[in-house]
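Open the model in your viewer and keep the sequence panel beside it. We will go stop by stop, selecting a few residues each time.

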Amino acid sequence: MISIYRMFQIIFGIVVSVFILYFLIQYTANYAGFQKDVQKIKILRNLKTTTESVYTYGNPVVFTDTTMYDFSSCYMSVVEPNPPEIRCDFSQIGSVFIPTLLSLGKSMVVVDSSELNLGWYVMRWVVVMPRTKIIFNPMESSPQVWNIMKNITGLLPATDNLEEKVTFGFCDGNEIIENICGGDCEKYGFLEVLETSRAQANKCTAYIPNGYTLITISSQCRMGFSESGVCIVPPSQGAGLAYLYESGEEFVYKDYFDILALVIGGSRKDVFGKTAGERLYSYKNDIWKDRMSIAAGIMKQRMLLVSGRYQAAGEYMDCVPIYMSLSGVLGSIETTLKGDITNPSVARNLAVMLSESKTLHSSLVNLGCEYYV
């Protein structure tokens, strides 16, 4: 007959064994989760290194390591006074000083660079996006509408000879038209199509599958007009309005990177109900505003110094008043950038001034006084 003391030892031993087993299982699970997060962070740091390389050398690449885990929670963020960074639900990935328009999931991504060239300043962006089929729905056939498609296409990645593809097509009513380049159209093939053909399309009513992004261009665009993708009102005085499906916001664009942010980000919502496109648009404007303001301030002083040197030497006198005008415009740009550049009237004023600054700089180049940066 087992004594009470022996019985107590057996029961106590079972309890301790269960506790130790529970602890080991819990520790193993936590350690596995920790290791998974460490691997995710390492992948994102490698991606950051890749974006820096593409930014420097301009050669598009495919980054494959993002197929290992789901990175859909990751997004670009600016929280002043900290530098920009990639934020995810599992961690924050250090400072990212390269301007990056990023969309991630659990798939390979194309990494390419595009730029906004004002002559006196070039701002380059790195685009990071998965395989995508861009479908345009041009509801008007004006040169302005075709220019919008050309500009958007020109900023998206060129994927010739790459494993992942960004391709282009049209939607006309209930039909999606993709086989227009002897197959799927990539960037340069589609730009040739846009140069050689122009036809107004009916409003797109076709089913838009996953992996497709619809871009509607119409003066009728408003909230709820398009049931997918991005709806763009052609610009007036250099700025226009855009609407993103599933977002209740109205977006002002003054350059085509504003639209690109909405297209790349898309309509996927976070737990707070904010779309990824809305978040990327906000990041784009924070970065653009800071860098453009610094560039305008520096170049304003440079224009004054150069014109003063020419005037003192009695050289290039035809350029002196142009330098003075450009310096004034850059000063106005710097001042305007202190305001809300997502306000329609402010954005229009800014777009007009940026266009004027580019024209003035081009005049200096043509007169032999200046060079393109």
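Helix axes that meet at an angle over 145 degrees count as roughly antiparallel. Keep that cut-off in mind for the second stop. Note also that this is a predicted model.

**Stop 1: β8, α2 and β9**

Select residues 132-138, which form strand β8. Add helix α2, residues 143-155. Then add strand β9, residues 166-172. Together, β8, α2 and β9 make a right-handed β-α-β unit. Now hide the helix and look at the two strands. β8 and β9 pair in the parallel sense, over five bridges. To find one pairing, click Ile135; its bridge partner in β9 is Gly169.

Is β9 mostly covered or mostly open? It is mostly covered: six of its seven residues are buried.

**Stop 2: α2 against α3**

Bring α2 back and select helix α3, residues 187-196. The two helices pack at an angle of about 170°, and their axes are 10 Å apart. That angle is over the 145 degree cut-off, so α2 and α3 are roughly antiparallel to each other. Show the side chains where they touch. From α2, pick Trp146, Met149, Lys150, Thr153 and Gly154. From α3, pick Lys187, Phe190, Leu191, Leu194 and Glu195. Colour them by type: five are nonpolar, two polar and three charged.

**Stop 3: the hairpin after β9**

Return to β9 and add strand β10, residues 175-177. This pair runs in the antiparallel sense, over three bridges. Click Cys171 and look across to Ile176, its bridge partner in β10. Two residues lie between the strands of this hairpin. Zoom in on Gly173 there, which takes a positive phi near 65°.

**Stop 4: another hairpin**

Move to strand β3, residues 85-87, and strand β4, residues 92-95. They also pair in the antiparallel sense, over three bridges. Here the hairpin joins the strands through four residues. Which residue of β4 is the bridge partner of Glu85? Select Ser95 to see it.

**Stop 5: Leu244**

Finish in strand β13, residues 240-244, where Leu244 is found. Its relative accessibility is 4%, so Leu244 counts as buried. Show what surrounds it. Beyond its neighbours within four places in sequence, Leu244 is in contact with several residues, including Val230, Phe251, Leu262 and Thr275. Glu278 is another of these contacts. Draw a C-alpha to C-alpha distance from Leu244 to Glu278: they are 8.0 Å apart in space, yet 34 residues apart in sequence.

Technical notes: Residues are numbered from 1 along each chain as its sequence is written. This is a predicted model: local features need pLDDT of at least 70, side-chain atom pairs count only at pLDDT 80 or more; totals for chains, interfaces and linings use all residues. Side-chain values use heavy atoms; hydrogens and water are left out. Buried means under 20% relative accessible area, exposed over 50%, partly exposed in between (1.4 Å probe, protein chains only). Two strands pair if DSSP finds at least two bridges between them. A crossover is right-handed if, with the strands pointing away from the viewer, the path from the first strand over the helix to the second runs clockwise. Axes are lines fitted to C-alpha atoms, for helices over the stretch in contact, and angles run from 0 to 180 degrees between N-to-C directions. Angles under 35 degrees count as roughly parallel, over 145 as roughly antiparallel, 65 to 115 as roughly perpendicular and the rest as oblique. Contact means heavy atoms within 4.5 Å. Ala, Val, Leu, Ile, Met, Phe, Trp, Tyr, Cys and Pro count as nonpolar, Asp, Glu, Lys and Arg as charged, and the others, Gly among them, as polar.
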